[in-house]
Amino acid sequence: MPAGGSERHKVLAECATMLLHAENREGILEVALNAVQTLAAAASGDDPVVARFVPAEASSPFTASFLEALERGMDHAAPFSRGDGEEGTGFVAQVRDPSGSRVGFLVVEGPIVDGSGFVGDLRNLCIQVEMALHAAEVADAKIRERSEKVFRSLVKNSSDQYTLISRDLAIRSLSPAVEKMVENRHEQVVGKTILDFVHPDDVADLNAAVDEIVEGGKGSTVKLEYRVRYDDGTWRFIESVFTNHLDEPHIESIVVNSRDNSMRRNLEKELVRREMFDHLTGLPNRSLFLEKAALALARVSHRRGQVAIVLLDFDDFQLVNDSFGHAAGDELLKAAAAKLETIVRSDDTIAHIGGDEFAILVSGGEMPRGAELVAKRAFDVLEDPIVVDTTQYNVRVSMGIAFGGSGMTAEDLLRNADLATATAKKNGKGRIEVFRDEMHEEVVRKLHTATDLRRAIGDGEIEPFFQPIVNVGTGEIIGCEALARWRHPERGLVQPFEFIPLAEATGLIVPMGVEILRKSCTQCADWRKQGLVGSPFYVSVNVSPIQLQRDDMVEVVSTVIRESGVDPKSVVLEVTESCAMQHIEEAMERLDQLKRIGIRIALDDFGTGYSSLSYLSRLPMDIMKIDKSFVDRMTGGNEELKIVKTMIDLGASLDLTTLAEGVEEEGQLAVLNRLGCRSYQGYYFAKPMPVADFVEVLAAQKKGAASALAATSN
Ligand code: C2E
Ligand code: CA
Ligand code: CA
């Protein structure tokens, strides 16, 4: 029974509504096929019909005959017979997309009762399908465009440094942060390729990186450091993470997230320079000097030659500092350095190895005469008064000469020269002594001290002094550093520089360190119990590399903390960079374990040690202590200020609390405040002091009588 006209209309109307709700091409075709099936079944009487969709790109045996049928002038529907030799009749209608190209065919196989109006229905249905496909495509494009816009605006407004590039490295879009970073406007950059800005030597690496993530597929990333040309023509180091979002709808780019590494790089370069050269005089410093001495010794070890070190130490230099000030002292050292430079031959090395000490490495030439001549010339040139800013200084020096050859280390040679200089001082100053073996008796005396030190640790003569750590902005005491002192029954109060090196050389630093930690933790717990300090207050204890290397380090520290009853959050351990860098994997594992207990870690003397800052982010640090030498020079000029600022910024970027050490003047404090440094310690606030004095300071702070601090000292 042919379907009535009204029924067919109903089917078509329902189909139209359903097409409106279909979400995509698959949905649309499903609705359409259901409708075709219903209409065809009605038009075929009871005979079975098959309705299906054949995509245009499918090459089926039917395609040829569909096309042939359509060629006969019919647009949407054409009767066909199967082309595979088997009998078959039916209708085919083509579906086109909005641009007019064929999407596929709606095919109905089976006997269709003539005059049922089926061909017209099929044609109508195809038009509906085409419209629905068109609408879906438009909607899809709209969504795409919108999401693309949303994504772009995300990028545009992001404070992160994003660049979107295409597979061929063309720049598609960049966030303002990148514009700012390269000081380049959007319109100047978009359309160019990223390679237009990359250093020629880094192009290969960059291409390889992009190839890698393209190969890796969706979401794969790679990190790369490379140089980028800035507007001012300079090359700077950039570190980028490249992520493959090429197949991501709406992004279809490689997303490059970058940061400027030049701050870190420059600081690194500067620190390396400092590691080798003395800031004041520009001469090689102690480490470079020792390196050169070692080289010279290695060279003479092949033949029977000798190397000499001439050491020169000003007599009573402290008097200059005390009567004319440190600045005058510095100028005097500079002038002396310039004079000394005039008397050394080009293949000898002169270095400023510390304080008021200079050293000259004499290699080659006739020995010992050559070295003695150099020493005599140095002595004479300093005999003449040195004039600095119209002030005339008459300085005198004590000098020591030591000779060395095959089998000797640079350190030994320098130590011998040092012993000779000490002898010159002992014998009346203003003279030159040559090292003799008897001078080693001094060393023997030191061994005596080692026995003494062992006894002292047992007798509890080593105790911590405490130096307040202060909030830069508010002046509030937020913690303290424990600094070891030796209360010697005969010698009185002995300072760390006189026994820490000995303690380290003999391994006594280990029991001593435990004692200092125990006393410090016990004190801190006690202050807390008395209500003198709050919970954020901490005590910071120095750890020597030798301690960190011990297998039982973590266990010992946990035990001390547990037994003292201190909150682990109130304990900070200070390690130096070089300390953490020795056996770095082991050290990091140990520091991580300590952190798991709740202890925090401070990086002590930052800037003076190992200068590969790339390690810095790997170390589990909480606090960065900027070394006093940087704070000292900060007031000197712009350059120094920049370095301290870089350090503070670097600290902030790694989420570290920065602490400035050795603050002595109000001016330094103001600068630190401006640069964003949050905490400091130094004589400006207070010197390290015995526990009884520190308790008074805490009590005074508690009473709000901060002014009482001025009176305290050690
Ligand atoms: P450090 O850890 O860098 O300690 C800071 C040093 O700077 C302390 O010297 C402190 O008194 C001094 N200081 C603080 N503020 C100022 C200032 O404004 N001006 C000046 N000129 N100096 C200031 P100290 O107490 O003589 O200690 C020297 C070093 O001995 C320490 O340097 C540390 O490396 C070592 N040390 C001290 N106690 C211990 C300890 O218990 N264990 C270990 N392993 N080392 C310790
Ligand atoms: Ca320290
Ligand atoms: Ca320090």
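**Cavities, a pocket and Arg485**

User: How many cavities of 30 Å³ or more are there?
Analyst: The count is three cavities of 30 Å³ or more. Keep in mind that this is a predicted model.

User: What volume does the second largest cavity have?
Analyst: The second largest cavity holds about 40 Å³ of space.

User: Which residues line it, the second largest cavity?
Analyst: Its lining is made of Leu548, Gln549, Cys579, Gln582, His583, Glu586, Ala587 and Arg590. By type, three are nonpolar, three polar and two charged.

User: And which helix gives the most to that lining?
Analyst: Helix H20, residues 584-597, with three residues.

User: Switching to pockets. What is the volume of the largest pocket?
Analyst: The largest pocket comes to about 1900 Å³. It is lined by 47 residues, and those closest to its centre are Asp627, Lys628, Ser629, Asp632 and Arg633.

User: How does the lining of the largest pocket divide into nonpolar, polar and charged?
Analyst: Ten residues are nonpolar, 19 polar and 18 charged.

User: Which domains does the lining draw at least three residues from?
Analyst: Domain 3 (279-435) and domain 4 (447-695) each supply at least three. Among helices, H11 (residues 326-343) gives the most, with six residues.

User: Different spot: is Arg485 buried or exposed?
Analyst: Arg485 is buried, because its relative accessibility is 5% and the cut-off for buried is under 20%. Arg485 sits in strand S18, residues 477-488.

User: What does the side chain of Arg485 contact?
Analyst: The side chain of Arg485 makes a polar contact of 3.4 Å with that of Gln495. Separately, the C-alpha atoms of Arg485 and Glu461 are 8.2 Å apart, with the two positions 24 residues apart along the chain counted as their separation.

Note on methods: Residues are numbered from 1 along each chain as its sequence is written. Chains are lettered from A and ligands numbered from 1 in the order in which they are written. This is a predicted model: local features need pLDDT of at least 70, side-chain atom pairs count only at pLDDT 80 or more; totals for chains, interfaces and linings use all residues. Side-chain values use heavy atoms; hydrogens and water are left out. On a 1 Å grid over the protein atoms alone, a cavity is a set of points where a 1.4 Å probe fits but cannot get out, and a pocket is an open set with protein on both sides within 12 Å along at least five of seven lines; lining residues have an atom within 4 Å of a point. Grid points are joined across faces, edges and corners, and a volume is the space filled by probe spheres set on the points. Helices (H or I, at least four residues) and strands (E, at least two) are DSSP runs, numbered from the N terminus. Ala, Val, Leu, Ile, Met, Phe, Trp, Tyr, Cys and Pro count as nonpolar, Asp, Glu, Lys and Arg as charged, and the others, Gly among them, as polar. Buried means under 20% relative accessible area, exposed over 50%, partly exposed in between (1.4 Å probe, protein chains only). A polar contact is a pair of N or O atoms within 3.5 Å; within protein, one must be able to donate a hydrogen and the other to accept it, and residues adjacent in sequence count only if both atoms are side-chain atoms. Domain bounds come from an automatic or database domain assignment.
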